[in-house]
Amino acid sequence: MWASAVLLVLLGSFGANALDNGLARTPPMGWLAWERFRCNVNCTADPKNCVSEKLFMEMADRLVEDGYKDAGYEYVNIDDCWMAKQRDANNKLYADPERFPSGIKGLADYIHSKGLKLGIYTAYGNFTCQGYPASGMHLELDAQTFAEWGVDMLKMDGCKQMDRHTMKKGYPQMTKYLNATGRPILFSCSWPDYERGAGIPINYTLVAENCNIWRNYVDIQDSWQSVLSIIDYYAKEQDTLVPVAGPGNFNDPDMLIIGDFSLSVEQAKAQMAMWAILAAPLLMSNDLRTITPEYRDILLNKDVIAISQDNAGIMGKRVLQDGPLLPQFVEAWTRPLADKKYAALFYSRSIKQPLNTNVTMKDLGLPDYKKGYMVTDVYAGKKMGFFGEKDRLLVKVNPSGVVLIKAEP
Ligand code: GLA
């Protein structure tokens with residue numbers, strides 16, 4: 001009796017502080033300005049690509065008209081450099097009036113009128129990474145302001161907060177203020193990445209109590225090398241990262257750069273499939289006004305998105321690599337899905353020729369291998385047949401490409 005009363009009190013106090021917005025039951029999907037548009041604030045020289053309300057409105061239009069919204073992409077996210085260079089007379093943040101003449105509230109109304117959601121950016125510490133005013137001393141006021149404007153997602157960065165030990169207090173404070181607004185605002189935290197960078201031990205239980213999604217590792221850049229280094233980090237840390245992911249909480253390996261300048265079509269398919277296996281947020285950072293059809297089709301692939309959005313919300317991991325079971329440079333990753341299904345990914349780091357796999361369901365670690373699985377090649381959109389205990393899966397994996405399969409018991 002006493003023990004359960006104490007437990008209730010403990011749970012109660014824990015519950016009051018934990019993020020309670022009910023969001024991100026599956027990895028959030030949308031568009032985020034940073035990787036493609038950076039801190040381009042020169043609207044005179046580059047009116048089409050500067051960080052302005054027009055840019056976000058045009059991306060919202062593309063999301064709706066080109067099928068992205070129907071595929072699940074719903075957030076339109078502003079990143080750094082949206083603010084005026086100082087706060088207003090009441091200490092409130094406000095958007096640069098020349099680049100955002102409607103203000104963030106006006107932009108939010110526009111985004112909402114399209115059936116989409118608006119994300120915004122701030123930082124813990126006094127300045128954003130690009131030197132604009134950030135939330136430092138004003139966490140509560142800023143949470144209220146964002147809620148008043150109708151913001152639906154908040155990324156809180158932190159590069160200018162030099163004492164990274166304070167983040168274990170600061171981020172949970174913001175969580176409390178976001179809860180107090182009563183508006184469900186998806187909270188994206190850069191906190192663990194900064195602790196990692198500073199060599200501070202990361203408490204992922206605390207992170208998951210306070211954030212819906214969180215960055216673990218360095219910024220993605222427009223290069224395949226960058227994508228590879230991120231994948232390597234998630235493989236290396238998978239025993240820590242997989243258990244903390246689940247409905248409401250996801251590790252964030254950063255934006256999709258599909259349709260930008262660097263990835264080949266094979267590499268773009270690889271990033272999309274790998275992000276689906278990782279149960280990663282699907283936040284595109286590209287120019288939806290000029291993207292070419294082959295990249296758009298990858299981003300809109302319903303079957304890959306279905307794997308990403310599987311409602312069990314389990315993060316996948318690397319299961320085979322460079323062993324006797326796969327050719328050198330080929331890896332296998334799997335992600336458990338709802339209803340005992342699995343997604344599996346073969347991925348090649350080879351820079352030479354396509355390589356062949358030859359593995360059984362047991363080799364992949366699929367638990368019902370004795371009964372067997374019905375296997376589909378997801379990108380090919382083709383059933384590959386039924387694979388019993390002794391059957392070997394033979395697929396050809398292209399250099400820096402993937403084969404993504406779905407296995408159903
Ligand atoms: C950091 C973040 C990026 C981006 C920039 C903006 O580097 O990790 O994702 O938000 O700041 O300045």
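## Helix α12 and two helix packings

Ten of the 13 residues of α12 are buried (under 20% relative accessible area, 1.4 Å probe, protein chains only), so this helix is largely enclosed by the rest of the structure. The model is predicted, with local features requiring pLDDT of at least 70 and side-chain atom pairs pLDDT 80 or more, while totals for chains, interfaces and linings use all residues. Residues are numbered from 1 along each chain as its sequence is written, and side-chain values use heavy atoms, without hydrogens and water.

Helices are DSSP runs (H or I, at least four residues) numbered from the N terminus. The buried residues of α12 include Gln267, Met272 and Trp275. Just after α12, alanine 279 has a positive phi of about 50 degrees.

Two packings are tabulated, with axes fitted to C-alpha atoms over the stretch in contact and angles taken from 0 to 180 degrees between N-to-C directions.

| Pair | Axis distance | Angle |
|---|---|---|
| α10 (residues 224-236) and α12 | within 11 Å | roughly 25 degrees |
| α6 (residues 139-149) and α7 (residues 167-181) | 9 Å | about 40 degrees |

The angle makes α10 roughly parallel to α12 (under 35 degrees). In their contact (heavy atoms within 4.5 Å), Trp224, Val227, Ile230 and Ile231 of α10 meet Gln267, Ala270, Gln271, Met274 and Trp275 of α12. These residues comprise seven nonpolar, two polar and no charged.

Helices α6 and α7 are oblique to each other (35 to 65 or 115 to 145 degrees). Residues meeting across this pair include Leu139 and Ala143 in α6, and Met174 and Tyr177 in α7.

Definitions and conventions:
Buried means under 20% relative accessible area, exposed over 50%, partly exposed in between (1.4 Å probe, protein chains only). Helices (H or I, at least four residues) and strands (E, at least two) are DSSP runs, numbered from the N terminus. Ala, Val, Leu, Ile, Met, Phe, Trp, Tyr, Cys and Pro count as nonpolar, Asp, Glu, Lys and Arg as charged, and the others, Gly among them, as polar.
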